[in-house]
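User: I should like to learn how to read the structural features of a model such as this one. Please show me the structure before we begin.

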Amino acid sequence: MKSEAQRLLDLIYEEARNELEPVPPGWHSIRHYMKEWDFCRSQTERYIKLAVKKKIMEHRRFMVVIKGRPTKVSHYRATK
């Protein structure tokens with residue numbers, strides 16, 4: 001039998017899953033760019049941060065499921 005705290009957490013997860021947003025085509029996570037550019041995470045983050053600052057890329061967070069949990073994840077796409 002689940003505890004009250006576990007039932008509450010299950011309810012919160014269910015509500016968060018209702019807010020999931022499909023990631024539109026053209027938007028990619030840092031992991032995607034790490035693989036495409038063959039860079040480590042810190043180098044990829046540095047280039048993306050510069051690209052967002054210079055308006056070469058735009059940033060948006062989408063609610064997705066990671067390891068069974070709803071999580072807001074940053075995604076990026078080229079603007080030029």
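Analyst: The following turns take up confidence, strands, aromatic rings, the core and one threonine.

User: How should the confidence of the model be read, and what is the mean pLDDT of the protein chain?

Analyst: This is a predicted model, in which local features need pLDDT of at least 70 and side-chain atom pairs count only at pLDDT 80 or more, while totals for chains, interfaces and linings use all residues. Residues are numbered from 1 along each chain as its sequence is written, and side-chain values use heavy atoms, with hydrogens and water left out. The pLDDT is the predictor's confidence in each residue, from 0 to 100. Here the protein chain has a mean of 91, and 100% of its residues reach 70 or more. Among its elements, helix 1 (residues 4-18) has the lowest mean pLDDT, 84, and helix 3 the highest, 98. Helices (H or I, at least four residues) and strands (E, at least two) are DSSP runs, numbered from the N terminus.

User: How many bridges join strand 1 to strand 2?

Analyst: Two strands pair if DSSP finds at least two bridges between them. Strand 1 (residues 57-66) and strand 2 (residues 69-78) run antiparallel and are joined by 10 bridges. One of the partnerships sets phenylalanine 62 against valine 73 in strand 2. The two strands form a hairpin with 2 residues between them, and lysine 67 in the turn has a positive phi of about 55°.

User: How are aromatic pairs recognised, and how many are there?

Analyst: Rings of Phe, Tyr and Trp (its six-membered ring) pair if their centres lie within 6.5 Å; planes under 30 degrees apart count as stacked, over 60 as edge-to-face and the rest as tilted. The count by this rule is 4 aromatic pairs. Phenylalanine 39 and tyrosine 47 make a stacked pair, at 5.4 Å centre to centre with 25° between the planes. Ring pairs also link Tyr33, Trp37, Phe39 and Tyr47 into a cluster.

User: Which residues make up the largest nonpolar core?

Analyst: A nonpolar core is a set of buried Ala, Val, Leu, Ile, Met, Phe, Trp, Tyr and Cys residues joined through side-chain atoms within 4.5 Å. Buried means under 20% relative accessible area, exposed over 50%, and partly exposed in between (1.4 Å probe, protein chains only). The largest core has 6 residues: Ile30, Tyr33, Ile48, Ala51, Met57 and Tyr76. Helix 2 (30-37) and helix 3 are the elements that give two or more residues to this core.

User: Is threonine 44 buried or exposed?

Analyst: Threonine 44, in helix 3 (residues 41-53), is buried, because its relative accessible area is 0%.
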